[in-house]
Amino acid sequence: MRISTNTIYQTGISRISNLQSDQAKLQEQISTGRRISSPSDDPVAAARALEISSAKTANSKFADTRQTAQLKLNTLESNLTSVTNLLVSTQSSLVGAGNGTLSDTERGFIASELKGSLDALIGLANTQDASGSYLYAGFKSSTTPFVAGATGATYAGDSNQQLLQVDSQRQMAVNATGDNVFQAGGNDIFATLSNLVTLLNTPITNAATQAAYNTGLSTAIGSLKGSVDNVLNVRADVGAKLNEIDNLDNAGSDRALQYSKSLSNLQDTDYASALSDLAKQQTIMEAAQKSFVQLTSLSLFKLL
């Protein structure tokens, strides 16, 4: 079979052009550090890289959400600590209230102290976070949750939980509603303190009023203890969630490193291999160019 001189010429040019293209591709990989610049470079690797990139982005978003959740829970935990301290202090104030030698005036002093504690507690229950949302109002975050009244305080919030997706398989409540913290299990802490204030301000004039006082005090102290235990349970739940977020953060950080490593293996240039291939391509290019020059120097080409 005869091969025309034009075919030989075009084949040589095409060979050199392909080699130049390969060299340019290698030089681009070396200069950019990326092995894949378009899906056509390696369709399988490009598809896998896209999948991993999506997972990495989702992992990063979960990390941001956990940061938000942690901030909310830390704010809540700090407030619950203040509530606990106030209630424990109130319990201490009641230790001597059952002393039968106290006068009406002395019990009145304790009542005044408890009234201050009640007002302070309502203030803590109406705390707002850095964005101005009320901590204990549920979904009604712009509504003051507790309104002071003659018998304590009335709840104006709701019982809804604010859920955040802190990981692919985990939704976490990052709030505590006022009814669950301050009025759970039939122990309305505001009503308890209000009743105590009224009880301590009621004069003891005879055995009957003394008996009523003792019974009322015992009941109120029991209710107060139940309220303190409930607040401590809520605090324990918040603490457990903060620990869980720490664990999820650690796992998320490990995943982020794995995603980055996998993407690097798929996309990044192997410099040792690329430089070696470039040197080989240059050698082949030089040989191809010399061969082409020699071929086109034949007498047949000179007659063209």
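Student: Why is lysine 225 called partly exposed in this predicted model?

Tutor: Its relative accessible area is 46%. Partly exposed covers what falls between under 20% and over 50%, so lysine 225 belongs there.

Student: What makes lysine 225 and aspartate 229 a salt bridge?

Tutor: The closest N and O atoms are 3.0 Å apart. The cut-off is within 4 Å, so the pair qualifies. Both residues lie in helix H6, four residues apart, about one turn of the helix. Aspartate 229 has a relative accessible area of 33%, so it too is partly exposed.

Student: How do you know that aspartate 167 and arginine 66 form a salt bridge?

Tutor: Their N to O distance is 3.8 Å. That is within 4 Å, so the contact counts.

Student: What does the pair of aspartate 167 and arginine 66 tie together?

Tutor: Aspartate 167 lies in strand E3 and arginine 66 in helix H2, so the bridge links parts that are 101 residues apart in sequence.

Student: Why is arginine 66 called buried?

Tutor: Its relative accessibility is 1%. Buried means under 20%, so arginine 66 is buried. Aspartate 167, at 11%, is buried because it also falls under 20%.

Student: What makes glutamate 51 and arginine 48 a salt bridge, and how are they placed in helix H2?

Tutor: The N to O distance is 3.1 Å. That is within 4 Å, so the rule is met. The residues sit three apart in helix H2, about one helical turn. Glutamate 51 has 49% relative accessible area and is partly exposed, because exposed needs over 50%.

Student: How many salt bridges does the rule give?

Tutor: The count is 10.

Conventions. Residues are numbered from 1 along each chain as its sequence is written. This is a predicted model: local features need pLDDT of at least 70, side-chain atom pairs count only at pLDDT 80 or more; totals for chains, interfaces and linings use all residues. Side-chain values use heavy atoms; hydrogens and water are left out. A salt bridge is a side-chain nitrogen of Lys or Arg within 4 Å of a carboxyl oxygen of Asp or Glu. Helices (H or I, at least four residues) and strands (E, at least two) are DSSP runs, numbered from the N terminus. Buried means under 20% relative accessible area, exposed over 50%, partly exposed in between (1.4 Å probe, protein chains only).
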